[in-house]
Amino acid sequence: MPHSDNIYELRPVAIARSLPQIRDHRLFQLQLKDGTSWEAFGHQPGQFVEISIFGQGEAPISISSPPTRLDYLELCVRRAGKVTSALFELEKGATLHVRGPYGRGFPVDKLKGHKLLLIAGGLGLAPLRSLLLYALDRRQEFDDVVLMYGTNNPANVLFKYELLSFFDRKDIKYFYSVDRDDEGLWKQYVGLVTGLLDRTTLSPSDTFAVLCGPPIMYRFVIQKLVALGFDTEHIYVSLERMMKCGVGKCGHCTIGDKYCCVDGPVFAYPEVVNIKEAI
Ligand SMILES: Cc1cc2nc3c(=O)[nH]c(=O)nc-3n(C[C@H](O)[C@H](O)[C@H](O)COP(=O)(O)OP(=O)(O)OC[C@H]3O[C@@H](n4cnc5c(N)ncnc54)[C@H](O)[C@@H]3O)c2cc1C
Ligand code: FES
């Protein structure tokens, strides 16, 4: 929750770095301008902030950095429309505002002690990265950590150097896929991210699967997980909806009888399985 009683409180932040990722995607590292640490912000993996650019508007953006790394708040942003385009125009040192953290993130305490299977598609890696880095920083608190990440082609892999750095680690299993590899450069799996589930042995009874990606991914990945023996209670999804207030007041983000902004964006799959438009 926000650090004061005012749930809409805007915090002025400066852009410490704006790092190009792939075409039209940047990682923004933000510092609080009032000199306080991000520690008091108190975010959890899977939560989001509303970024606010005066004169342009607001947009909900997932927090990509974990609460174990508090020098910067990191946001991985795709240039989509008005607000994100304005953000891309801001230079190092420029001021914008954030409010939050908002929403229900991943159930970190419930996940502790268990095997984690993180499945991300495209920009879905942005919120999952917060949980992934949290688990790696608190490695002894989790059993196996498995990452499956798919993009449409090799040019669109986000956090490329971070993903490559896992090569040196023995405490994470990772599987990457691309839908197409027209240039024949990709050394790993070519096909949909669901195909990665056939490439390792999982133990569904003590594994929690956490998914974030485009809506089409959820249906097929969940079908496959259930076929592999996963209990639906062990499947979590992070959903996206058009939002305005971000705090459960305006009704813009409804998913059936739920508000994505306060009841989610992370849901246990059984919470949304019977809501037709959820996935
Ligand atoms: C919980 C949550 C977390 C999110 N996390 C992230 C994240 O980590 N990173 C990220 O990049 N995004 C994230 N998003 C998505 C992001 O909030 C949206 O892309 C947001 O709309 C961007 O705001 P904007 O003003 O830049 O774009 P908008 O102006 O709202 O445009 C959004 C879309 O509408 C289209 N559009 C805009 N204007 C028009 C028009 N006149 N005619 C036709 N189409 C139009 C744009 O092409 C674009 O596809 C998240 C959303 C939610 C709900
Ligand atoms: S965005 Fe206003 S209720 Fe969710």
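# Ligand shell, salt bridges and backbone geometry

Biologist: How far does a backbone N or O atom of Val 83 lie from an oxygen atom of ligand 1?

Modeller: The model is predicted, and the distance is computed from its atoms. The pair joins the backbone of Val 83, through an N or O atom, to an oxygen atom of ligand 1. The separation is 2.9 Å.

Biologist: How much of ligand 1 does the protein bury?

Modeller: The backbone of Val 83 supplies an N or O atom 2.9 Å from a ligand oxygen. Ligand 1, taken alone, exposes 950 Å². Of that area, the share buried by the protein is 62%.

Biologist: At what distance from an oxygen atom of ligand 1 does a backbone N or O atom of Arg 78 lie?

Modeller: The backbone of Lys 82 also supplies an N or O atom, 3.0 Å from an oxygen of ligand 1. For the backbone of Arg 78, the corresponding distance is 2.7 Å.

Biologist: Which element gives the most residues to the shell around ligand 1?

Modeller: The shell has 17 residues, with Pro 60, Cys 76, Arg 78, Val 83 and Thr 84 the closest. At least two residues come from each of β4 (57-62), β5 (73-78) and α1 (82-89). With 4 residues, the element that gives the most is β4.

Biologist: How many residues of the shell around ligand 1 are nonpolar?

Modeller: Ligand 1 is surrounded by 17 residues. Of the shell residues, 3 are polar and 4 are charged. The nonpolar residues number 10.

Biologist: Where is Arg 11, the salt-bridge partner of Asp 34, found in the chain?

Modeller: Asp 34 and Arg 11 form a salt bridge through their side chains, at 3.2 Å from N to O. The two are 23 residues apart, with Asp 34 in the loop between β2 (25-32) and β3 (48-53). Arg 11 belongs to residues 11-22, which make up strand β1.

Biologist: Is Arg 11 buried or exposed?

Modeller: Its partner Asp 34 has a relative accessible area of 43% and is partly exposed. For Arg 11 the relative accessibility is 4%. The cut-off for burial is under 20%. Arg 11 therefore counts as buried.

Biologist: How many residues apart are Arg 69 and Asp 137?

Modeller: Arg 69 and Asp 137 form a salt bridge, with 2.8 Å between the closest N and O atoms. Arg 69 sits in the loop between β4 and β5, and Asp 137 in helix α3 (residues 125-137). This pair links distant parts of the chain, and the separation in residues is 68.

Biologist: What relative accessible area does Asp 137 have?

Modeller: Arg 69 is partly exposed, with a relative accessibility of 37%. Asp 137 is also partly exposed, with a relative accessible area of 31%.

Biologist: In which helix does Glu 271 lie?

Modeller: Glu 271 forms a salt bridge with Arg 104, and their closest N and O atoms are 2.8 Å apart. Arg 104 is in the loop between β6 (95-102) and α2 (108-111), 167 residues from Glu 271. The helix that holds Glu 271 covers residues 269-272 and is α7.

Biologist: Which residues are linked with Asp 109 in a network of salt bridges?

Modeller: The structure holds 18 salt bridges. In the network that includes Asp 109, the other members are Lys 112, Arg 138 and Glu 141.

Biologist: How far from Cys 212 is the nearest cysteine sulfur?

Modeller: A search of the whole structure returns 0 disulfides. Cys 212 is in none, and the nearest cysteine sulfur belongs to Cys 260. A disulfide would need the sulfur atoms within 2.5 Å. The distance from Cys 212 is 10 Å.

Biologist: Which residue does a cis peptide bond join to Gly 100?

Modeller: A separate cis bond runs from Gly 264 to Pro 265, with omega near 10°. For the bond from Gly 100, omega is about 0°. The residue joined to Gly 100, found in strand β6, is Pro 101.

Biologist: What positive phi does Phe 159 have, although it is not a glycine?

Modeller: Asp 24, in the loop between β1 and β2, has a positive phi of about 65° and is not a glycine. Asp 24 is partly exposed at 32% relative accessibility, whereas Phe 159 is buried at 5%. Phe 159 lies in the loop between β8 (145-151) and α4 (160-165). Its phi is about 50°.

Conventions: Residues numbered from 1 in each chain as written. Chains lettered and ligands numbered in written order. Predicted model: local features only at pLDDT ≥ 70, side-chain atom pairs only at ≥ 80, totals over all residues. Heavy atoms only, no water. Near = heavy atom within 4 Å. Polar contact = N/O pair within 3.5 Å; in protein donor to acceptor, adjacent residues only side chain to side chain. Areas by Shrake-Rupley, 256 points an atom, 1.4 Å probe, with all protein chains shown as cover. Nonpolar A, V, L, I, M, F, W, Y, C, P; charged D, E, K, R; others polar. Salt bridge = Lys/Arg side-chain N within 4 Å of Asp/Glu carboxyl O. Buried < 20%, exposed > 50% of the residue type's maximum accessible area, 1.4 Å probe, protein only.
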